[in-house]
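Colleague: I would like a close look at one pocket in this protein. Please describe the pocket first, then set it against other parts of the chain.

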Amino acid sequence: MAQPHYTSLIFFILLFLPLSLQQQNSKLSISDLNALKTIKASLTDIPGSTFFSSWDFTAPNPCSSFSGLTCSLISSSVRVTILSLGTGLSDSPGLAGSLSFALSQLTELTQLVLFPGLVTGPIPSQLGKLTNLRVISLTNNRLTGPIPISLSSLTNLHTLDLSYNQLTGSIPPGLTELAQLKVLILASNSLSGELPTVSTQLLHLDLKRNRLNGKLPLLPLSLRYLSVSENTMWGPLNALDSVFELVYLDLSMNKFSGPIPNSLFNPTLSSLLLQRNNLSGGLPQNADPTKTSSYGDGSIVDLSHNFLSGEISTVLVGVESLFLNNNRLIGTVPKEYTKSLCLGTTKTLYLQHNFLTGINLEDRVKLPDTTSLCLLYNCMVPPPVGVTACPASAGSQISRPARQCYRV
């Protein structure tokens, strides 16, 4: 008997709920509304972008009509909690102008996103006042100046992405001490100095294409992604000895030296990019027989352009794309690698510019069309399949001069 009354009650709630929310949205905090006006005044749509076309300050409900705005009811007042500047669409050129200090007046902001565009000038230091911020993403613009030290006071910050700008100066030490920070992306800037000690439980650290120098500091065991490629960092790789959760590591194009830690030869680390350093020593003799995992689809190991020596072990069998070229490796290529090539498991095997003396591969063998094997400029005459798939950078000389091979 109560069912009709219950249905009527639900209909009543659904009927008046939108009106209630509409009334709340119309009461957007005056301070937030004024901040939005100042923010808009410092930015403009690049021709072809229409992001600000919806920002009509005479509209009754900015929270429902303004692009990029998300609001929440906080202490009886409607406040801006998420601000996304720009659309992020591939066909939108983005915004130009500068970031206003008025962003700091949106005191309940939890996420601040600036999509790619031509925004210039510094990052406002006043952002350090927004203690509720969990995400700051200001990527692919032309922001200049240093990273504000004040950002180190954002104790709730989870993600900071300032990549692909023109930022200078050093990385504030306090950033890498924020307890809640999990993702730090500062790639493709002009940052200098040393990487500070990382005491937070970061998962993702991307610092590639900067001007950083010095040694790798101790890193958190939680780290899964690390890139410091294209810097001028140097020293041994001891800091990576115990970072077992890594699945992606790119230290390429630096000045790191010494041996490669055995712990990095692990199939769970499916992208290992150490090319163009000064690394020495040899490959571990054998993979750990107690491990049942193996390298899979998409795996890549690039150790090229170093000073690795000794014979090639079987530790990297099954890697889909394996680059060992331009080292000082000797001996015969193990049959396990040729088998992996024939099966199509390994699709690229570059061994050119070493001192190898043989490979267990018949002259008439036909590899899969998707496979590339290069053996140029070693201490042997390579089979035809080891010549035709070489890159142009390998040159055209089939073998090393004999006088070089006698010295090995």
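Modeller: What follows goes from the pocket to the strands, the cavity and the start of the chain.

This is a predicted model, so local features need pLDDT of at least 70 and side-chain atom pairs count only at pLDDT 80 or more, while totals for chains, interfaces and linings use all residues. Residues are numbered from 1 along each chain as its sequence is written, and side-chain values use heavy atoms, without hydrogens or water.

Confidence comes before detail. The mean pLDDT of the protein is 91, where pLDDT is the predictor's confidence in each residue, from 0 to 100. Of its residues, 91% reach 70 or more.

Now the pocket. Rolling a probe the size of a water molecule over the atoms shows where empty space is left. The search uses a 1 Å grid over the protein atoms alone. A pocket is an open set of points with protein on both sides within 12 Å along at least five of seven lines. A cavity is a set of points where a 1.4 Å probe fits but cannot get out. Lining residues have an atom within 4 Å of a point. Grid points are joined across faces, edges and corners, and a volume is the space filled by probe spheres set on the points.

The second largest pocket has a volume of about 170 Å³. It has 14 lining residues. Nearest its centre lie Arg 276, Ser 304, His 305, Asn 325 and Ser 393. The lining holds eight polar, four nonpolar and two charged residues. Here Ala, Val, Leu, Ile, Met, Phe, Trp, Tyr, Cys and Pro count as nonpolar, Asp, Glu, Lys and Arg as charged, and the others, Gly among them, as polar.

Next, some strands. Strands (E, at least two residues) and helices (H or I, at least four) are DSSP runs, numbered from the N terminus. Two strands pair if DSSP finds at least two bridges between them. Strand β22 (residues 307–311) pairs in the parallel sense with β24 (residues 328–333) over three bridges. Ser 309 has Arg 328 as its bridge partner in β24. Four bridges then join β24 to β26 (residues 355–359), again parallel. There, Thr 332 is partnered by Gly 358.

Parallel pairing also appears at β12 (residues 190–194), which two bridges join to β10 (residues 166–169). Thr 168 stands opposite Ser 190. Three bridges link β12 to β14 (residues 211–214), also parallel. Gly 193 has Leu 212 as its partner in β14.

How many cavities of 30 Å³ or more does a search of the whole structure find? One. The largest cavity has a volume of about 60 Å³. Its lining is Val 243, Phe 244, Leu 246, Ser 263, Leu 264, Asn 266, Thr 268 and Leu 269. Five of these are nonpolar, three polar and none charged.

Last, the start of the chain. Over residues 1–25, pLDDT stays under 50.

Notes: Contact = heavy atoms within 4.5 Å.
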